[in-house]
Amino acid sequence: MIQNSNIINRFKEILSQKGPHSDDFNEIIRIVDELSTDDEIEKFRDMLEPVLKPDTIIGHSYTKPLGYSGDYLIIEKMYRFHKNTHPNYVKWDEFFHWLPAASAVINRKKLAVSLLKKLNQNTKKEYPRVLILGSGPATEVNEYLESVTDNKLHFELVDFDQRAIEYATEKNQKYMEHITFHNKNVLRFSPDGCFDLIWSAGLFDYFQDKLFVRLLRRFSYYLSDNGEMIIGNFNISNPSKKIMEVLGDWYLYHRSQELLTNFAMEAGINKENIEIFSEPLGINLFLKIKKS
Ligand SMILES: C[S@@+](CC[C@H](N)C(=O)[O-])C[C@H]1O[C@@H](n2cnc3c(N)ncnc32)[C@H](O)[C@@H]1O
C-alpha cells in the first residue's frame, strides 16, 4: 500500500501544510487502517518521523519519554486538551484530541467523578474508603474534591511511578488530609483493610489475561460489604486501535463484554454480582463487581 505514490505524495502534502486539517482526519484513519504488514507500518512511521517526537502527543506516546506507554503525563495532556502551540505540531495535537479513544478517556474520568459523588452522597459510613489502582495524575480525585463541600471519602492511591505520585500530590495539595499515596506496583500492593469502592481505569488493559484474573480475585477480597470494584478496559470495537498502535506504538489488550464477564467468573465472582457498562462512546468498558 505504502508504495502507492499517491499516498506518499498525499502525506508529503500534509507535512508541508504542517499537519492535517480537520477535513483530512478521516482520510488518515482510512490509510492507517489499511496498513497490513510490519514493513508498511515501519515505512509509514518513517514518513511521519518529523512529528513522532515528544513535541506532539502522538509522538510522546511513540517515543515514551518516561519509559513506558500510558504514563501520567500523556493522560494529563489528554485531560487538559494540551496543544503544542508550535506551528509544526499544533495540528497533530488537534488530530490526536479528535480521536474517539481520546474522548473516551475524558468520558471515563467524568464517569469516575460522578461515581465518587454518588458514593459520597449515598454512603451511611463515617469513613468510606476508596482505592484507586494506577492512579496517575489523580485528576478525577481532584475534580471530585473540587466539586463537593461535604466530602466524606478517604482515598488510597497506588502508582508505581514516583513522578506520577509527585505530580498528583502537588495537584491535590489542598486535599492531602483525604489522600494517602502508595508508591507501589499493584502486583505487590497489599491494602490494609477493605474498601467501599475500588476503581481502576487505564491499567488492566496492559495486563495479560491471567494476571487480570489474578488481580481481580485478590482485590475482590478487599471489598467491604456492599462495596464495588470497577475496572476499565478498552473495548475490542475501539475505532482508534490501529492508529494508537501504528502512530503511538501504544498496544493494549482490547476486550469484549463477554471476556470481561468470563474473567470475573474465573476469579470466583458470582454471575449475579457482575455487571458490564461503558462510557457514552462504548469504547471504554467497565467491569463492575459487587461484594458477594
Ligand atoms: C494510563 S494511566 C491512567 C491513570 C489514571 N487511572 C487515569 O485514568 O487517569 C496508568 C497509570 O498506571 C500506572 N501503572 C502502570 N502499571 C502499574 C503497576 N503495575 N502498578 C502501579 N501503577 C501502575 C502508571 O504509572 C500510570 O500512572
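**Exercise 1. Find which atom type of the ligand meets the side chain of Tyr-68, and at what distance.**

Step 1. Start at Tyr-68. An N or O atom of the Tyr-68 side chain lies 2.9 Å from an oxygen atom of the ligand. This is a polar contact (a pair of N or O atoms within 3.5 Å; within protein, one must be able to donate a hydrogen and the other to accept it, and residues adjacent in sequence count only if both atoms are side-chain atoms).

Step 2. Note the basis. The model is predicted: local features need pLDDT of at least 70, side-chain atom pairs count only at pLDDT 80 or more, and totals for chains, interfaces and linings use all residues. Residues are numbered from 1 along each chain as its sequence is written, and side-chain values use heavy atoms, with hydrogens and water left out.

Step 3. Go to Arg-108. One of its polar side-chain atoms is 3.4 Å from an oxygen atom of the ligand.

Step 4. Turn to the backbone. At Phe-160, a backbone N or O atom lies 3.1 Å from a nitrogen atom of the ligand.

Step 5. Check burial. The ligand alone exposes 590 Å², and the protein buries 95% of that. Areas are from the Shrake-Rupley method with a 1.4 Å probe; for residues, only the protein chains shown count as cover.

**Exercise 2. Describe the shell around the ligand by class.**

Step 1. Count the shell. It holds 17 residues (each with a heavy atom within 4 Å). Tyr-79, Gly-134, Asp-159, Asn-185 and Ala-201 are the closest.

Step 2. Sort them. Seven are nonpolar, six polar and four charged. Ala, Val, Leu, Ile, Met, Phe, Trp, Tyr, Cys and Pro count as nonpolar; Asp, Glu, Lys and Arg as charged; the others, Gly among them, as polar.

**Exercise 3. State where the ligand sits, and what lines that site.**

Step 1. Place the ligand. It sits in the largest pocket. Sitting there means that more than half of its atoms lie within 2 Å of the grid points. A pocket is an open set of points on a 1 Å grid over the protein atoms alone, with protein on both sides within 12 Å along at least five of seven lines; lining residues have an atom within 4 Å of a point.

Step 2. Size the pocket. Its volume is about 610 Å³.

Step 3. Read the lining. There are 40 lining residues; Gly-70, Gly-134, Ala-201, Gly-202 and Leu-203 lie nearest the centre. Helix α7 gives the largest share, four residues. By class, 24 are nonpolar, eight polar and eight charged.

**Exercise 4. Characterise the second largest pocket.**

Step 1. Its space is about 430 Å³.

Step 2. The lining has 18 residues, including Leu-119 and Asp-196. β5 (223–234) gives the most, with five residues.

Step 3. Nine lining residues are charged, five polar and four nonpolar.

**Exercise 5. Which residue classes line the largest cavity?**

Step 1. Take its volume, about 60 Å³. A cavity is a set of points where a 1.4 Å probe fits but cannot get out.

Step 2. Classify the lining. Nine residues are nonpolar; none is polar or charged. Among them are Met-78, Phe-96, Phe-234 and Trp-250.

Notes
Grid points are joined across faces, edges and corners, and a volume is the space filled by probe spheres set on the points. Helices (H or I, at least four residues) and strands (E, at least two) are DSSP runs, numbered from the N terminus.
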